[in-house]
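Colleague: I'm new to this one and would like a close look at a single part, the active-site region. Could you walk me through it slowly?

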Amino acid sequence: MKLRLQFPQLALRRRLGQLSCMSRPTTRLRSWPLSFLYYILPFAALKPLAKVGWRPTSRVALYKTIPTRLLSRAWGRLNQVDLPTWLRKPIYSLYIWTFGVNMKEAAVEDLHQYRNLGEFFRRKLKPQARPVCDSHCVISPADGKILHFGRVKNCEVEQVKGVTYSLETFLGPHTWAESIALNRNEDDPTNFQDILVTKEGNALFHCVVYLAPGDYHCFHSPTDWRVAHRRHFPGSLMSVNPGVARWIKELFCHNERVVLSGEWAHGFFSLTAVGATNVGSIRIYFDKELRTNLPRYSKGSFNDFSYVSNNNQEGISMRKGEHLGEFNLGSTIVLLFEAPKDFTFNLKAGQKIRYGEPLGTM
């Protein structure tokens with residue numbers, strides 16, 4: 001004998017009608033549980049809801065309603081809570097097993113020495129664990145997975161294959177070009193990509209490195225360069241997992257990020273640290289003024305800071321392999337740089353890479 005689940009359809013119609021009259025934020029909040037059910041229950045179980053006129057929101061719209069910034073701040077505070085000594089090894093061991101962490105590379109292998117989760121996430125490596133390649137001009141700034149790489153074309157950059165974002169939206173307006181010797185052309189506002197190419201015979205290249213939760217969370221200078229400017233974009237903190245990056249267009253432009261811009265031997269060079277869920281804290285070691293994941297921000301806003309001053313005309317000089325910053329958990333590094341057109345990446349999309357390994361050759 002089949003048992004059928006009976007729904008009070010008239011009452012449901014009235015309730016859904018009330019939802020349609022609410023403001024957009026309230027509707028999102030109230031309809032979220034129904035949308036969640038849509039993705040975890042079999043389709044047949046939700047046929048009665050379809051009959052009364054309810055349709056789920058899209059996956060993207062549903063995901064954007066999650067308060068990721070608030071959750072990330074809560075996670076950050078939890079990370080700073082010191083754990084009892086007896087509890088440290090079981091918790092860290094579970095994390096190591098889940099994400100495949102190699103503790104033999106850690107400078108401190110004894111799990112009892114990490115007082116809280118934050119210290120464990122930001123663990124340092126043994127000096128010999130990551131030799132820096134001296135024969136190549138650009139190295140990987142972090143451990144991770146190569147999501148995409150290549151030349152920038154038509155002011156569009158690929159975050160994963162087939163999904164792009166705007167170069168100008170990602171870096172913001174070129175007002176920071178005053179700190180760097182760039183080709184500013186006020187008469188051609190659409191010529192953003194050409195502004196970044198300062199030398200004849202050069203092209204603009206990009207490389208995206210995704211740091212998984214089990215990876216080493218610090219990042220380093222990918223080359224010898226001069227950092228002249230910092231631009232901080234407050235924003236969302238959605239996951240930058242490759243699976244999410246495939247179905248959210250311009251994900252890196254929505255998320256909070258810190259853009260470091262400057263010059264290297266071949267022209268323009270920039271490194272962008274992109275925040276993610278539970279990674280609201282982006283730290284740049286030489287920048288004590290930077291504060292990320294603050295409770296309030298204006299959508300689309302950004303904050304500029306110049307490292308070039310009357311007392312320091314050169315900005316911040318970084319050597320290849322030098323410690324640059326850290327994330328609180330996994331996240332993404334985006335490199336955008338000018339180089340001669342014969343520059344070639346020695347990479348494959350999806351491959352694992354370690355900090356210090358070469359990215360390409362001239």
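What is the relative accessibility of H220, and does that count as buried or exposed?

Modeller: H220 counts as buried, because its relative accessibility is just 1% (buried is under 20% relative accessible area, exposed over 50%, and partly exposed in between, with a 1.4 Å probe and protein chains only). Before going on, a word on what you're looking at: this is a predicted model, where local features need pLDDT of at least 70, side-chain atom pairs count only at pLDDT 80 or more, and totals for chains, interfaces and linings use all residues. Residues are numbered from 1 along each chain as its sequence is written, and side-chain values use heavy atoms, with hydrogens and water left out.

Why pick this spot? The unreviewed UniProt entry puts "active site" at D143, H220 and S331; its positions follow the numbering used here, feature names are shortened, and annotations may be inferred rather than shown by experiment. These residues are spread over 189 residues of sequence, yet they cluster in space, with a largest C-alpha distance of 14.1 Å.

Let's stay with H220 for a moment. This residue sits in strand β5, residues 218-220 (helices, H or I of at least four residues, and strands, E of at least two, are DSSP runs numbered from the N terminus). Setting aside neighbours within four places in sequence, H220 is in contact with P141, L271, G321, E322, H323, L324 and Y355, where contact means heavy atoms within 4.5 Å. Keep Y355 in mind, as that name comes back.

Now hop over to D143. You'll find D143 in the loop between α7 (117-121) and β1 (144-151). D143 counts as buried because its relative accessibility is 5%. Not counting residues up to four places away in sequence, D143 touches R130, V209, Y210, L211, D215, Y216, I353, R354 and Y355. So there's Y355 again: H220 is in contact with Y355, and D143 touches Y355 too.

One of those partners deserves a closer look. The side chains of D143 and R130 are joined by a polar contact of 2.6 Å (a pair of N or O atoms within 3.5 Å; within protein, one must be able to donate a hydrogen and the other to accept it, and residues adjacent in sequence count only if both atoms are side-chain atoms). Side chains of opposite charge can pair when their charged atoms come close. Here E105, R130, D143 and R354 are linked in a network of salt bridges, a salt bridge being a side-chain nitrogen of Lys or Arg within 4 Å of a carboxyl oxygen of Asp or Glu.

Let's trace that network. E105 and R130 meet through their side chains in a salt bridge, at 2.9 Å from N to O. This pair links distant parts of the chain, with E105 in the loop between α6 (85-99) and α7, R130 in the loop between α7 and β1, and 25 residues separating them. E105 and R130 are both buried; E105 counts as buried because its relative accessibility is 14%. E105 also forms a salt bridge with R354, where the closest N and O atoms are 3.1 Å apart. R354 lies in the loop between β15 (352-353) and β16 (360-361), so its pairing with E105 ties together parts that are 249 residues apart in sequence. R354 counts as partly exposed because its relative accessibility is 38%.

C133 brings us back to Y355. C133 lies in the loop between α7 and β1, and this residue counts as buried because its relative accessibility is 17%. C133 and Y355 are 222 residues apart in sequence, but 9.6 Å apart in space, C-alpha to C-alpha. Leaving out neighbours within four places in sequence, C133 is in contact with I139, K320, G356 and P358.

How does this fit into the whole? The protein chain has 11 helices and 16 strands. Of its 362 residues, 48% are buried. Among contacts with a separation of 6 or more, 75% are between residues 24 or more positions apart. The salt bridges come to 13. One of them joins E119 and R115, with the closest N and O atoms 2.5 Å apart.
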